[in-house]
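Student: I would like to go through this complex and test each label against its criterion. Where do we start?

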Amino acid sequence: MNRRIAIRNMALILGSAAVLPSCLHDNKGKPVVELKYLKLNGEQENLVSNLAETILPKTNTPGAKDLGINLFVFKMIDDCFDQKGQDEFMAGLKEFGDVVDKKYGKSFNELTAAERTAFANDIEKQSKDPNNKDKDAKATGFYWTVKGQTVFGYTTSKYFMTEQIIYELVPGRYNAMFPVKKKAAV
Amino acid sequence: MSTNTYDAIVIGSGISGGWAAKELSEKGLKTIMLERGRNIEHIKDYVNANKGPWEFEHRGGRTQKMIEDYPVLKRDYPLNETNLDYWVDEKESPYTEIKRFDWFRGYHVGGRSLMWGRQSYRWHETDFEANAKDGVGVDWPIRYKDLEKWYSYAEKFAGISGNRDGVPILPDGDFMPPMDMNIVEKDVQKRFKDFYKDSRHFVIGRTANITVPHNNRTNCQYRNKCWLGCPFGAYFSTQSATLPAAMATGNLTVRPWSIVTRILYDKDTKKAKGVEIIDAETNKTYEYYAKVIFVNASALNSAWVLMNSATDVWEGGLGSSSGELGHNVMDHHLGVGAGGRIEGFEDKYYFGRRANGIYIPRYRNLNGEKRDYIRGFGYQGSGSRSNWSRDIAEMSIGAGFKDALSEPGSWGFGMGGFGETLPYHDNKITLDKTKKDKWGLPILAFDVEVKENEKKMRVDMMNDAVEMLTKAGVKDVKGYTSDGILGRGIHEMGTARMGRDPKTSVLNEWNQVWDAKNVFVTDGAAMASSACQNPSLTYMALTARAADYAVDQLKKGTL
């Protein structure tokens, strides 16, 4: 079975917010998405996917992987980042992996969900701390790139725009003072 | 009579070309409209107009391939995934930059009327008098009263929504009902008014989006997807408005893929007899003949057509006798303003996407005020609520963060200035005969820059924006400015200016080329000054006025 997905079909996948088959995730080090410029092995690909899922996890609503947001992240970096941006992404990815290895003695992909969350939170705190923000700068840059693209992909996904917020293609009117009903407490 | 003979030829199909075609054909002239690019059929060819944001592969963003293919467009917001095919192919049609100039073009039927910003403001008497008072450039050969009824005529047909604000510097027009300000804009407006009283004004934008049904067009549906083409025909474009009216007369022929290479001048009659075109698809050359020619190729390309129409009589091109053809390039300088955060109103939002904002008309150098520069600027802005801005430490990732993304974020308010640029003889375009486009035609070379007056004005444009927003209660106001590179206002003007004297201007008071009276130029090229208002409404009015005059003169046998 050919597990490689042609990246050009991504719009379709993302558009339909399909739940991806689990056999997509290959842990043997073979990449599953076809990219033009980025050279990712399966391990690295999973790291990015797991990070995206850590940022937007599956709850009673779909998470980043369910919605294919991880694939969107790859596509954006592959198509829209210039050489320098891609080099920084790759260098950051490596450093990110190394920092995790050093701290936990195992890879990010081997961490539990709770450990991944704790680690991501550490990076958030560290990069907001003016005394500490230069530490692991490449890894931090990589983290914010993945987070930015993940959030962008999620908030522009069909699922989000039609089921989480009210997006109407044809609003038909402008209500200049629309009351906000708070959703259940976050 | 040859099949290539018409009563009138219109070069270009954008805002002013569409108007020329409508007016001339409605007055009974057999008219051909020549468009250099492809046809775009109303509704049918708006291929992305009904897509959701998620249906774009990169969600509207720009890829490295796009950045490579569009070295000019990439310099500002127009390079995007959603309407990429409305922008000129830069590899086919390059230009030379002696100095940087950001030229954003649309080569297709409808031109930039499909992508325009739609803000529509009348000029004021002050604007027409300014050159004479300041001793800058040449005096406008017309005044507000000459254009007033044509503004009204243009507004009624195009459909401009706006409020009759009674602001002296911003004459009211024949408007459709205005769009609403949202609650934050109303609040800012109130504080603004409390502080500035009647010395400055804060009004809802006047936009060429119809708010009630009009001429078989559906009123605005608040999609804010105008620049993809509107399936409802809710904003003014050639396709939605002037073209159907012109076609209904049975007098109009539209010929896409027709690059006008030169106007054919007859030195015996001292008039133009027609034009030569290259068919952009077949590279074959054809000639078309007519009694009257309207040049509406957009300011810089209209000048190109005239410059490329050199003869042994006019070596610098048709209309070159004054030495002003291609000179006095103007645009509005922008990229300067301020923005900030709005506190409160967490329980309020708005529904629908309004393709309009607020407007602060010019207030500087009026009523006796004298700054260290002349003329002035206006602002466009809006208050809005971001979709997500949750970046609270406890909630920056994970389940809570994911849920927080679907709650509205904080309110903000921002605005940017549009500044008047003076007509400088030094700011010019010329033919670069060392380089050719895809069709072997010489390309334009740009030697245009902002000068001292604009640079001084920009200091006020930022500082005033900061001050006004602060006075109006906006928090954490930050100003911004930039180099003010011209072109990115996408309001090119001035390259074949109107005037009172053939020695210093290219066109007379009726937009006729002094050197060939049956050639009319009624797009941005005709402008003797730029004012600071968005100019398209003025082109519509000038075009309708000139067409009326042309037909009248034809009837009298004087053309």
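Student: What covers the buried residues of H2(A)?

Tutor: The model is predicted. In it, the cover over the buried residues of H2(A) includes H3, H4 (83-104), H5 and H6 of chain A.

Student: What makes H2(A) "mostly covered"?

Tutor: The count does. Of its 14 residues, 11 are buried. Among them are Gln44(A), Glu45(A), Asn46(A), Leu47(A) and Val48(A). Ser49(A), Asn50(A), Leu51(A) and Ala52(A) are buried as well. So are Thr54(A) and Ile55(A).

Student: How do you know that the span of H2(A) agrees with its number of residues?

Tutor: Set the expected value against the model. At 1.5 Å a residue, the 14 residues should span 20 Å. The end C-alpha atoms are 20 Å apart, so the two agree.

Student: What pattern does chain A follow along the sequence?

Tutor: It reads α-α-α-α-α-α-α-β. That fits the count of 7 helices and 1 strand in chain A. Of the 186 residues of chain A, 33% count as buried. Among its contacts between residues at least 6 apart in sequence, 61% join residues at least 24 apart.

Student: How many residues of chain A are in contact with chain B?

Tutor: 40 residues of chain A are in contact with 42 residues of chain B. A contact here requires C-beta atoms within 7 Å.

Student: Which element gives the most to the side of chain A that touches chain B?

Tutor: S1(A) does, with 5 residues. That side of chain A divides into 23 nonpolar, 11 polar and 6 charged residues.

Student: How do you know that S1(A) pairs with S11(B)?

Tutor: The criterion is at least two bridges. S1(A) and S11 (residues 348-351) of chain B have 3 bridges, in the antiparallel sense. So the pair qualifies. One partnership is Pro179(A) with Lys348(B).

Student: Why is Gln221(B) called buried?

Tutor: The cut-off is 20 or more other C-beta atoms within 10 Å. Gln221(B) has 22, so it is buried.

Student: Where is Gln221(B), and what is it in contact with?

Tutor: Gln221(B) is in the loop between S4 (203-204) and H6 (238-248) of chain B. Leaving aside neighbours within four places in sequence, its contacts are Val170(A), Pro171(A) and Gly172(A), along with Phe232(B) and Ala234(B). Asn209(B) is 12 residues apart from Gln221(B) in sequence and 9.6 Å apart in space, C-alpha to C-alpha.

Student: How do you know that the radius of gyration of chain B agrees with a compact globule?

Tutor: Compare two values. With 559 residues, a compact globule would have a radius of gyration near 24 Å. Chain B has 23 Å, so it agrees. Along its principal axes, the C-alpha trace of chain B spans about 80 × 55 × 45 Å. Buried residues make up 53% of the chain. Of the contacts in chain B with a separation of 6 or more, 71% are between residues 24 or more positions apart.

Student: How many helices and strands are there in chain B?

Tutor: Chain B has 10 helices and 19 strands. Six of the strands, in the order S5-S2-S1-S9-S19-S18 (chain B), form an open sheet with mixed pairing.

Student: What makes S5 (252-255) and S18 (512-513) of chain B edge strands?

Tutor: Each pairs on one side only. S18(B) runs antiparallel to S19 (residues 516-521) of chain B, joined by 2 bridges. The threshold for pairing is at least two bridges, so S18(B) and S19(B) meet it. Val513(B) stands opposite Ala516(B).

Student: What do S6(B) and S7(B) form?

Tutor: They form a hairpin, with 4 residues between them. S6 (residues 258-266) and S7 (residues 271-279) of chain B pair in the antiparallel sense over 8 bridges. Val260(B) has Ile277(B) as its bridge partner. In the turn, Lys270(B) has a positive phi of about 55°.

Student: Which residues of chain B does the UniProt domain annotation cover?

Tutor: Residues 423-542. The unreviewed UniProt entry gives the annotation as "domain: Glucose-methanol-choline oxidoreductase C-terminal". In the model, the span is 22% helix and 24% strand, and its end C-alpha atoms lie 19 Å apart.

Conventions
Residues are numbered from 1 along each chain as its sequence is written. Chains are lettered from A and ligands numbered from 1 in the order in which they are written. This is a predicted model: local features need pLDDT of at least 70, side-chain atom pairs count only at pLDDT 80 or more; totals for chains, interfaces and linings use all residues. Two residues are in contact if their C-beta atoms, placed from the backbone, lie within 7 Å. Ala, Val, Leu, Ile, Met, Phe, Trp, Tyr, Cys and Pro count as nonpolar, Asp, Glu, Lys and Arg as charged, and the others, Gly among them, as polar. The radius of gyration is taken over C-alpha atoms; the globule rule is 2.2 Å times the number of residues to the power 0.38. A residue is buried if 20 or more other C-beta atoms lie within 10 Å of its own, exposed if 12 or fewer, and partly exposed in between; C-beta atoms are placed from the backbone. UniProt positions are given in the numbering used here, feature names are shortened, and annotations may be inferred rather than shown by experiment. The expected span of a helix is 1.5 Å times one less than its number of residues.
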